[in-house]
Structure formats: C-alpha cells, structure tokens
Amino acid sequence: MSTDVATMDKIVSLCRRRGFVFPSSEIYGGLGSTYDYGHYGVLTKNNIRSLWFSSMVQERDDIVALDSAVILNPRVWEASGHVEGFTDPLVDCRTCKLRFRADRLEDSQCGRKPSKKPGETPDCDLTEPRQFNLMFETSVGALAEGGSTAYLRPETAQGIFINFKNVLQLARRRPPFGIAQVGKSFRNEITPGNFLFRLREFEQMEMEFFVPPDEGERWHAYWIEERMRWYRELGLRDSQLRVREHGPDERSHYSLATSDIEYLYPIGWSELEGVAYRGEYDLRAHTEASGTKLEYVDPDGSRYTPHVIEPAVSIDRILLAVLIDAYAEEEVEGRERTLLRLRPSVAPVKAAVLPLISKADAGMVEPARRLYEELRVHHFVEYDDGGNIGRRYRRQDEIGTPWAFTIDDVTLEDGTVTVRDRDSLAQERLPLEGVLAWLDDALAR
Ligand code: GAP
C-alpha cells in the first residue's frame, strides 16, 4: 500500500542520496539557501523547463521567446519600483546578533532559545524594524564607484517589458501576444529555508501577455485556468493544488489582481506560481522613465498601452512540488521500497537497461550494452550492472525511472527481454528488436 508520507526531510535526504541536489559550496561549510543540482536534478529541471517552453511557445502562435541580460541598466530597477520598494522589514537582535523579518517573527526562532520566538525571552533585545532591499548589488566596470552600481535581476519580467518595442516591431505582433523568458533571478532573501522553496538564486519562468485593456480580466481568468491545466498534466494531484486570490492588502504595488496557484507542500499551502494582472503599470513606468513610448499603435491610427497578465514561477519550486507529489513508500513482499511516481515526461531517466548477471561469461552484458547504445541515441536511459538486481531496481525506483529492461537467460534463448513497470511492478516480455519502438510508444502516451 502506498501512503502519503513525503516530509521535507525525506525529500532532502533522497535528493542528497541519489544526487539530485547538493548544498552549495558544501566543502566550505555551505552558503545559506543556495543549492547545486546534480545529474538527476539537472535532467529533471531540463524536462520541466522544456515542458513549460513547449506549452508556452512551441504549441502556440501568440507567444515568442526572449533571453535578456541578468544585469540591466540600473534605471530599469528605479523605474520598476524595485530600488524604492523591493524591501522586507527587518529587525536585528542585539543579543544573539541574528536578523529576522519583522512580519515573520511568529515563524522565527530565537537565536539563544530556539523553542522561543524572537522577543519572547528577557534577554532578547530587538531593534526597531527597518527596510532592507532584497536586490544583490554589484558594480559594472573596473571601478567600484557609486556611479557604477548595478543589480542582479530579482525577476526576469523587467527584461521583457524593456524589450516590448523590439518584439512588437521585429516579431510583428499585435495584442493579444506574449513574451516568455526563462533565466536565473537573484534575491537576498532574509528568511530563506525550506530547501528549494525559497532560494537566493533561482530559475524563473515568466511570461508577460499583452492584451487590449478591456480584455484584461478575461485573459487573467484564462491564464489561471491554463496554468492549472498544465500542472495537472505535469502530474501534480488535484487534491494538492488550489487557486487563492490575493486580498487588496496583499497585492504588489503593480497588481490589479493576483491569484496564486498554491501547492500543499509539507510546510502547508504555499505559493507555487503567481498569476498577476499587472495592468499597464510597467509599460507606463518605463515609458515615463526612458522617454520611449511603449504602446501599441493600430493600423487605423488608434493607440493604447496594453495591459499585462503574468504567470510567473521558478523551476526550483516546481521541482520541489513534483518530487513531493511523486514520493511514495510501499511494502512489497515484506520489503520496503521508496519510489518516485514521476510522469515519464518529467522523469530524469526514461528506462534502465540491466543485465541480470553482470559477469562477462554469462553472456548478458554484451546484448544489454547493445540495447543501451541503441536506446540512448533517442532517450535518456541508464545502463546499470552494479550489485544484485533487487538493489538496481530499488535505485531506479528512487530516481523515478518508469521502466527497466532486463536481459536474462531467456534473452539468450529466444531474444526477448523483460520490461518491468515501476508503479505496478508488472512484467512482460518484448522482442529485443522491438524495445525502442515500445519505449517511443510508451513515452508518447
Ligand atoms: N515577476 C513577478 C514575480 O517575480 P514573485 O511572486 O516575486 O513575482 C514569482 O515570484 C515566482 O517566482 C513565485 O511564484 C515562485 O515560484 C518564484 N520565486 C520567487 N521567489 C523565489 C525564491 N526566493 N526561491 C524560489 N522561487 C522563488
């Protein structure tokens, strides 16, 4: 029987054990809330990115791609409101020297007595709250002088707005149309933590959809629905997903309306993706600050500033949700197994090829290698001859490999292999020469 047993500790441990994710700079003691992705993490992230990109760009004719720079002219961030307003209120404790978010004291732990909240013990000595900007500063050019201060982008969105005119002219688009971008964003988060949920460096996938102003609300509703559909298709269970509309006090300065798509992480319902209705805020702000008109001029001469709908998410938060959702523990014939029930499209490895006996004189290694070399040209597959077959199956189960092809003594007699299904554990036999077509077919389903 499978049970819903994923905890953050179990996911962290599986990611570590199987090489999905490592703490960054580990040999130097790490660096808070930055992580390095290992082989399976990279493959899974590539799959998520490519599924997002296909659904946003390849399968539509109203969205084009962009890859803008990470470091932009600092005036971009003045115009967008980030220099002034992208801040968190912080308090310092003069006793334990730790820093806390003033609006999250309830969720924080005192540095001296972790069972208490900051401010709860007689020794706590908190400062008044002050605003702290979340953007990482850097300097452009050889001299670190005041005039050369720049920022690592805290979102990919602004790179899209400042290219609105280029795309409108050169990609010959008219609203409604969108611009999609995937890339790293950086935030000096003060209460990071919860593994991949809140990072200081993360990979955003954002799409800005420009529409005639009177169509804004309709497109906002459309994108909430469309993004929910995409998550279901990714394999997230409906029971773990919900849409939550922001109250008026909660909305960002640019937002006319925002709904979060939330996932039931082990830390509780939390934002997976935000779908914001940004109105004309950004195009207007950059028009005023740059003097370049960012508007749409119709062939009939009428002009307007389009409104913007923005679905925005990070691959890191999706990966965390996908791993939690797929994680299962089962008892099979008296033995425990841990598995990731990942959709094949998301799974890092699509199939494993295993010789039942890995001694060369058993005759199984050679046909297994041949099959592996045939399959790997088309799909990410893995050859494994290390350890007993049960251990190899368990290893593949833990990284979510949907199928394993095993070469055994029957293969040597009649040229068939066993295919084992990760979830049902059902086994069937296939002719060796039909394995590639079978796998192509199974992945297309
Ligand atoms: N352009 C709008 C924007 O950036 P946001 O709500 O701050 O809005 C959008 O971020 C999405 O980016 C979030 O829903 C989340 O998926 C992801 N995200 C934001 N901050 C993150 C962080 N520190 N670590 C991981 N993902 C983050």
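A polar contact is taken here as a pair of N or O atoms within 3.5 Å. The structure is a predicted model, and the contacts between protein and ligand are described first.

Under this criterion, a polar side-chain atom of Gln 204 is placed 3.1 Å from an oxygen atom of the ligand. Nitrogen atoms of the ligand are also approached by polar side-chain atoms: the distance is 2.4 Å for Glu 206 and 2.9 Å for Ser 314. Of the 560 Å² of accessible area that the ligand has on its own, the protein covers 91%.

Two or more residues of the surrounding shell are contributed by each of strand S10 (201-211), strand S13 (268-279) and strand S16 (307-314). The largest contribution is that of S13, which supplies five residues. In total, 21 residues surround the ligand, and the closest are Glu 155, Arg 187, Glu 206, Glu 271 and Leu 272. Classified by residue type, the shell comprises ten charged, eight nonpolar and three polar residues.

A separate topic is the arrangement of strands S4, S5 and S6. These three strands form an open sheet in the order S5-S4-S6, with antiparallel pairing. Strand S5 (99-101) and strand S6 (130-133) are the edge strands, each pairing on one side only. From one strand to the next, the twist averages 50°. Strand S4 (residues 87-92) is joined to S5 in the antiparallel sense over three bridges, and Leu 90 stands opposite Arg 101 of S5.

How values were computed: Residues numbered from 1 in each chain as written. Predicted model: local features only at pLDDT ≥ 70, side-chain atom pairs only at ≥ 80, totals over all residues. Heavy atoms only, no water. Pairing = 2+ DSSP bridges. Helix = DSSP H or I, 4+ residues; strand = E, 2+ residues; numbered from the N terminus. Axes fitted to C-alpha atoms, helices over the stretch in contact; angles between N-to-C directions. Near = heavy atom within 4 Å. Polar contact = N/O pair within 3.5 Å; in protein donor to acceptor, adjacent residues only side chain to side chain. Areas by Shrake-Rupley, 256 points an atom, 1.4 Å probe, with all protein chains shown as cover. Nonpolar A, V, L, I, M, F, W, Y, C, P; charged D, E, K, R; others polar.
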